[in-house]
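Here is a friendly walk through one protein chain, going from a single loop residue out to the whole fold and back again. Keep the viewer open as you read.

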Amino acid sequence: MSSQLDYPPRLKLARIPTPLQLLPRASKRWGAGKRLWMKRDDLTGSALTGNKIRKLEFIAAHALEQGLSTLVTCGGVHSNHCRATALVAAQLGLDCHLVLRADDEPEQHTGNFLLDQLAGASYEIWPAGEWAGNLKKIYARLESEFKASGRPALMIPTGGSDSLGVWGYIAAAEELRWDLEESRIERGVLALATGSAGTQTGLSAGVAIFDLPLQVIGYAVCDDAEWFNRRVSSDWQASLARWAQLPRVELVPHTRDHSVGPGYGRADASVYELIAELTRLEGIPLDPVYTGKAFQGVLADIRNDFYDDVDDIIFVHTGGVFGLFAHEPQLLAAAGRAS
Ligand SMILES: Cc1ncc(COP(=O)(O)O)c(C=O)c1O
């Protein structure tokens, strides 16, 4: 598959192309006559899995090109992005340092955080109320400390969502072009969970660049639709300013925010029940922080006739399986099992 787009340097880290899979039983159960598909970006790897790997292919390539030997990034203690970065660093022989925000749950050492530690990442954990406000200062300190120690660092923002990471999902849109052809999808919706807007920005841009017959809809897992629409637009402007080779397409971001629920990292019982039901129906677990909420938002929109005029809905499974383990009691209850 040759591309007309001049991509920046990229490493091969993700198992791609990922499958575009029809969900026959989920379509029957919830589709109201539409076909529900899943773009299986939860299959980009085993431990090194999910949407962040596509971004890290470009981010880590940049670090190597610049002769940097440490990857620094940040997120919640259960962050998928931090886990992916820690594993990529291990795979490339780089150091990794994580600036983590403490979460409420007691199971601090399970799931992603366990993998961060297995991968050898160093970390610091900040109280939730102090993390965001201090991030700039912490990053400045770390950048000079790593430089002084002779292991200079690439400072990666939350979620790897910047003008480097955006290429990951521009490339994924190019991959989708072949998926649509192969699956004979002529027109549809591309729905995804949006948390730091990088995946949404890349897909929105990629769909416009490759002129795909898809409408990209982000389902917010925090904040609100207006925040995401603004962020996608400003991140795209920053990307255009950085990369002369990007086609100057206009983005009209579209975010839905009715499935945010009680806030980032927290979900209503109905999300856990949906995760359990979909896993029984299709053998595909979603996670309660991102994909479960977003999928719930899509199903609500099908019920509300928001997708009246489309026959095909593609949900991007952005991964997050390790996020399940910090929510064991809620998931067991939803599956009808005692914990
Ligand atoms: C599993 C999963 N899905 C979706 C997202 C959202 O992606 P983005 O941060 O690019 O909006 C994330 C990001 O943290 C994630 O871990």
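## A loop residue to begin with

Aspartate 223 counts as partly exposed because 19 other C-beta atoms lie within 10 Å, and the cut-off for a buried residue is 20 or more. Please keep in mind that this is a predicted model. Aspartate 223 belongs to the loop that links β8 (214-220) to α8 (225-242). Its backbone deserves a look too: phi is positive, about 50 degrees, although the residue is not a glycine. As background, most residues other than glycine have a negative phi.

## The chain as a whole

Stepping back, the chain has 11 helices and 10 strands. Its C-alpha trace spans about 60 × 55 × 35 Å along the principal axes. The radius of gyration is 19 Å, which agrees with the value near 20 Å that a compact globule of 339 residues would have.

Half the story is in the interior: 50% of the 339 residues count as buried. Contacts also reach across the sequence. Among those between residues at least 6 apart in sequence, 79% join residues at least 24 apart.

## Two domains and their contact

How does the domain assignment divide the chain? Domain 1 is made of residues 20-49 + 162-334, and domain 2 covers 52-160. The C-alpha centres of domain 1 and domain 2 are 24 Å apart. Domain 1 brings 23 residues to the contact and domain 2 brings 25.

Which helix gives the most to the side of domain 1 that touches domain 2? That is α6 (residues 166-183), with five residues. By class, this side of domain 1 has 10 nonpolar residues, 12 polar ones and one charged.

## Inside strand β8

Back at the strand that leads into our opening loop, isoleucine 217 is found in β8. Isoleucine 217 is buried, since 24 other C-beta atoms lie within 10 Å. Setting aside its neighbours within four places in sequence, isoleucine 217 is in contact with Val189, Ala191, His254 and Arg256. Threonine 199 is 18 residues away from isoleucine 217 along the chain, and their C-alpha atoms are separated by 11 Å.

## Backbone features worth a click

Is alanine 197 buried or exposed? Alanine 197 counts as buried, because it has 28 C-beta neighbours inside 10 Å. You will find alanine 197 in the loop between β7 (188-194) and α7 (198-209). Alanine 197 also has a positive phi, near 75 degrees, in a residue other than glycine.

Another feature sits in the segment before β1 (20-22), where proline 17 is found. A cis peptide bond joins isoleucine 16 to proline 17, with omega about 5 degrees. For context, most peptide bonds are trans.

## Helix α5 and its bend

Helix α5 (residues 128-148) has 21 residues and reaches 29 Å from its first C-alpha to its last, close to the 30 Å expected at 1.5 Å a residue. Where does α5 bend? The bend is at asparagine 134, by about 65 degrees. Just after α5 comes glycine 150, whose phi is positive at about 80 degrees.

## Around α4 and leucine 94

In helix α4 (residues 111-118), the buried residues are Gly111, Asn112, Phe113, Leu115 and Asp116. What do these buried residues pack against? Their partners are α3 (80-92), β4 (95-101) and β5 (122-126). Glycine 120, just after α4, takes a positive phi of about 90 degrees.

Two of those partners, α3 and β4, are linked by the loop that holds leucine 94. Leucine 94 counts as partly exposed because it has 19 C-beta neighbours inside 10 Å. Leaving aside neighbours within four places in sequence, leucine 94 is in contact with Ala63, Ser69, Thr70, Leu71 and Ala89. Leucine 64 lies 30 residues from leucine 94 in sequence, and the C-alpha to C-alpha distance between them is 9.2 Å.

Conventions
Residues numbered from 1 in each chain as written. Predicted model: local features only at pLDDT ≥ 70, side-chain atom pairs only at ≥ 80, totals over all residues. Domains from an automatic or database assignment. Contact = placed C-beta atoms within 7 Å. Helix = DSSP H or I, 4+ residues; strand = E, 2+ residues; numbered from the N terminus. Nonpolar A, V, L, I, M, F, W, Y, C, P; charged D, E, K, R; others polar. Rg over C-alpha atoms; globule rule 2.2 N^0.38 Å. Buried ≥ 20, exposed ≤ 12 C-beta atoms within 10 Å, placed from the backbone. Expected span 1.5 Å × (residues − 1). Bend = angle between axes of the 7 residues up to and from the residue.
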